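Biologist: Please choose one part of this model and take a close look at it. I should like to know how it is built and what surrounds it.

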Amino acid sequence: MEVLNREVQIDSIYINKVYYSLSYNRFIREMMKNYKYNGKNYLYKPFGEIMIRTIENKKIAEDIDIIIYVPTHKRKEALRGYNQAELLAVYISKNLEKPLLRENLIKTKWTKEQSHSNKIDRIINLKGSFQIKDSSEIERKKILLVDDIITTGVTMDECSRVLINNGAKEVIGIALTSSKNN
């Protein structure tokens, strides 16, 4: 499994750069499905290790103050038992010795599953879904935003919009993989 360390282009004025670590192929798609939907949450360790390699390769760690993850709605997290992006962020935070900001960026709106939605539907679905509880914790901070997969970039863009509009200085995104065509 080759770690790619690629940058993905997303249409956003709010996010500085977005990187991903692995090609989205049949094997990774199956592993992601198991990680997200089939209770194989222990995969966060090898996935997190792969993402750390990308962070080190791209020299991202020196440019960030805090780590934040893409939140899921509380009900969805309760049904799944965990937030897969949070598990990755906790691992990355611990290994890079960077502070992790938990439960400040929150998802307040229940949204339908997006895995089969197009970009326009995703934009409509996610609009107004995320909020910051305490903007003082992110003001003037350079943030690493962690997610598991980038499909269209809409989720990263919407989270970054909320972070920047609440005082964050800069947002850099990282995901394990991306199915977005460049």
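Modeller: The expected span of a helix is 1.5 Å times one less than its number of residues; helices here are DSSP runs of H or I with at least four residues, strands are runs of E with at least two, and both are numbered from the N terminus. The part I have chosen is helix H2, residues 44-57. This is a predicted model, in which local features need pLDDT of at least 70 and side-chain atom pairs count only at pLDDT 80 or more, while totals for chains, interfaces and linings use all residues. Residues are numbered from 1 along each chain as its sequence is written, and side-chain values use heavy atoms, with hydrogens and water left out.

For the setting, the protein has six helices and seven strands, which follow one another from the N terminus as β-β-α-α-β-α-α-β-α-β-β-α-β. Of its 182 residues, 51% are buried, a term for a relative accessible area under 20%, with exposed meaning over 50% and partly exposed in between (1.4 Å probe, protein chains only). Among contacts with a separation of 6 or more, 77% join residues 24 or more positions apart; a contact means heavy atoms within 4.5 Å.

Helix H2 itself has 14 residues, and from its first C-alpha to its last it reaches 20 Å, close to the 20 Å expected at 1.5 Å a residue. Its buried residues are Phe47, Gly48, Ile50, Met51, Ile52, Thr54 and Ile55. They pack against E2, H1, H4, E6 and E7. After H2 comes Lys59, with a positive phi near 55°. Most residues other than glycine have a negative phi. Lys59 departs from that habit although it is not a glycine, and it lies in the loop between H2 and strand E3, residues 66-69.

Helix H1, residues 26-37, is one of these neighbours. Its 12 residues should span 16 Å, and its end C-alpha atoms are indeed 16 Å apart. At the start of H1, a side-chain oxygen of Asn25 comes within 3.1 Å of the backbone nitrogen of Phe27. Ile28, Met32, Asn34, Tyr35 and Lys36 are the residues listed as buried in H1, and the partners against which the buried residues of H1 pack include H2 and H4. Gly39, with a positive phi near 70°, follows H1.

On the side of H4, one residue shows how H2 is held in the interior. Leaving out residues up to four places away in sequence, Ile92 touches Gly48, Met51, Ile52 and Ile55, as well as Ile67, Leu144 and Val146. In soluble globular proteins, nonpolar side chains tend to be buried together. The largest nonpolar core here has 27 residues, and those with the most contacts inside it are Ile92, Leu144 and Val146; such a core is a set of buried Ala, Val, Leu, Ile, Met, Phe, Trp, Tyr and Cys residues joined through side-chain atoms within 4.5 Å. H2 is among the elements that give two or more residues to this core, together with E2, H1, E3, H4, E6 and E7. Its largest share, six residues, comes from H4. A second, separate core of 25 residues includes Val18, Ile66, Ile132 and Val171.

Aromatic rings add further links. Rings of Phe, Tyr and Trp (its six-membered ring) pair if their centres lie within 6.5 Å, and planes under 30 degrees apart count as stacked, over 60 as edge-to-face and the rest as tilted. The structure holds three such pairs. Tyr35 and Tyr82 form a tilted one, at 6.3 Å centre to centre and 40° between the planes. Because Tyr35 lies in H1 and Tyr82 in the loop between H3 and H4, this pair ties together parts 47 residues apart in sequence. Tyr35 and Tyr82 are both buried. The pair of Tyr44 and Tyr91 is edge-to-face, because the ring centres are 6.0 Å apart and the planes stand at 75°. Tyr44 lies in H2 and Tyr91 in H4, so this pair likewise joins parts 47 residues apart in sequence. Tyr44 is partly exposed, with a relative accessible area of 23%, whereas Tyr91 is buried at 17%. Finally, ring pairs link Phe47 with Tyr35 and Tyr82 into a cluster. Phe47 is one of the buried residues of H2, so that H2 takes part in this cluster as well as in the pair of Tyr44 and Tyr91.

Note on methods:
A polar contact is a pair of N or O atoms within 3.5 Å; within protein, one must be able to donate a hydrogen and the other to accept it, and residues adjacent in sequence count only if both atoms are side-chain atoms.
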